[in-house]
Every structure is written in C-alpha cells, then in structure tokens.
Amino acid sequence: MLDISINLLIAALVVVAILLLVVVLMQRPKQEGLGAAFGAAVTDQAFGARTTDVLKKATVYFGTAFMVICLVLTILINRQNSEASESLKAENPAPVAESSQPKALTEEELEKQKLLENASKFGAGAESKTPAEAPVAPATPVTPQQ
C-alpha cells in the first residue's frame, strides 16, 4: 500500500512540476523574455485581460502543491525505509559475537601478567604477591639507638 502511494505521489509530482514550468514560462516579464515565445496574444485570449493575475495565482498554487507533495513523499519514503530496516532486523538477528582478536592490554596489565607467569614458573604459587602488593622494606638499615 505504501509503495502504491509513493508511486502515485511521484507521478503527481512530475505533473505538477511540468505545469509549474509551463506557467512560469508563460508569464510575461518586464523585458518580454521567454514569455514572448508563447505569444502575448495567445495568453491574453486564453485567460483574458488579467493574464498576469491568473498566471501568478497558478504559480503560487502549483508551487505550494509541489512543496507539499515533496514533504509528503519524504515522510512516506522515510517510513518505508524504517519499516524495511525493522523487518530485516527481525528476520536476521545479528549474533553478538566477541571478536576473535585478543583484548589489547595496557602496559601495567602486561607487566602484571609477566610477573604472574614468572612467579608460577618458579613455584611461588597463587599465594605470592606481586611487587606492587608486597610490603616495601626501608631502603636504609635501621640501627637501634642507645
């Protein structure tokens, strides 16, 4: 149903655009440009003595119709595209798979990982503390005072 409405509005838009073009070209400018090509007498006979008023009104009506049809077409095409994307999402749910690449580690994490690997190689076990967690010994020896 939406496709039919869009196609009908596109056809109406083409007709309105052609009529707007013809009406604008039929208008008689002050310098008698393209309007003279249709002949001033022909438009005067078809629309009467007030040809310019009729053509100005027709230009306003056709211009307004052109803008309204374009706006409605934009809304309908947007709705059609959103419905199509929703139906595609419903048919093919995208699996949330973790990437096969390993997570990039920071330098601190890499150092901790290396220290844990070294500690496990030397048999320190899981109870061993990393250097960051170990108590810090004073740098200078403490001598008892007498």
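In helix α1, the buried residues are I6, L13, V16, L20, V23 and M26. I start there because an α-helix has 3.6 residues a turn, so residues three or four places apart point the same way. Keep that in mind for what follows. One caution first: this is a predicted model.

Now the helix itself. α1 has 25 residues. From its first C-alpha to its last it reaches 36 Å, close to the 36 Å expected at 1.5 Å a residue.

α1 also carries residues of another kind. I10, V14, I18 and V22 make a nonpolar surface patch of about 310 Å². I18, one of these, has its place in helix α1.

Let me step back to the whole protein. How many helices and how many strands does the protein have? There are four helices and zero strands. Read from the N terminus on, the elements run α-α-α-α. The protein has 146 residues, and buried ones make up 11% of them. About 12,300 Å² of the protein is exposed, and carbon and sulfur atoms supply 63% of that area.

Contacts along the chain come next. Take the contacts with a separation of 6 or more: residues 24 or more positions apart account for 64% of them.

Which residues make up the largest nonpolar core? There are six in all: I6, L13, V16, I69, L73 and L76. The elements that give two or more residues to this core are α1, residues 2–26, and α3, residues 51–91. I6, L13 and V16 appeared earlier among the buried residues of α1.

I69 deserves a closer look. I69 sits in helix α3. Is I69 buried or exposed? I69 is buried, because its relative accessible area is 13% and the cut-off for buried is under 20%. Leaving out residues up to four places away in sequence, I69 touches L9, A12, L13 and V16. Of these, L13 and V16 belong to the same largest core as I69. As for L9, 60 residues separate L9 from I69 along the chain, yet their C-alpha atoms are separated by 6.7 Å.

The residue just before it in number is V68, also placed in helix α3. V68 is partly exposed, because its relative accessible area is 46%, and partly exposed covers the range between 20% and 50%. V68 and L13 are 55 residues apart in sequence and 9.5 Å apart in space, C-alpha to C-alpha.

There is a second pair of residues to set side by side, A58 and K57. The place of A58 is in helix α3, and K57 is placed in helix α3 as well. Why does A58 count as buried? A58 counts as buried because its relative accessibility is 18%, and the limit is under 20%. K57, in contrast, counts as exposed because its relative accessibility is 53%, and exposed means over 50%.

Both can be placed against V23, one of the buried residues of α1. The C-alpha atoms of A58 and V23 are separated by 7.0 Å, with their positions 35 residues apart along the chain. For K57 and V23 the separation in space is 9.8 Å, C-alpha to C-alpha, and they are 34 residues apart in sequence.

To close, go back to the structure and find α1 and α3, the elements that give two or more residues to the largest core. Then find I69 in α3, and look for L9, A12, L13 and V16, which I69 touches.

Conventions:
Residues are numbered from 1 along each chain as its sequence is written. This is a predicted model: local features need pLDDT of at least 70, side-chain atom pairs count only at pLDDT 80 or more; totals for chains, interfaces and linings use all residues. Side-chain values use heavy atoms; hydrogens and water are left out. A nonpolar core is a set of buried Ala, Val, Leu, Ile, Met, Phe, Trp, Tyr and Cys residues joined through side-chain atoms within 4.5 Å. Buried means under 20% relative accessible area, exposed over 50%, partly exposed in between (1.4 Å probe, protein chains only). Contact means heavy atoms within 4.5 Å. The expected span of a helix is 1.5 Å times one less than its number of residues. Patches are made of residues with over 30% relative accessible area and no salt bridge: like charges are joined within 9 Å, nonpolar side chains (Val, Leu, Ile, Met, Phe, Trp, Tyr) within 5 Å. Accessible areas come from the Shrake-Rupley method with a 1.4 Å probe; for residues, only the protein chains shown count as cover. A salt bridge is a side-chain nitrogen of Lys or Arg within 4 Å of a carboxyl oxygen of Asp or Glu.
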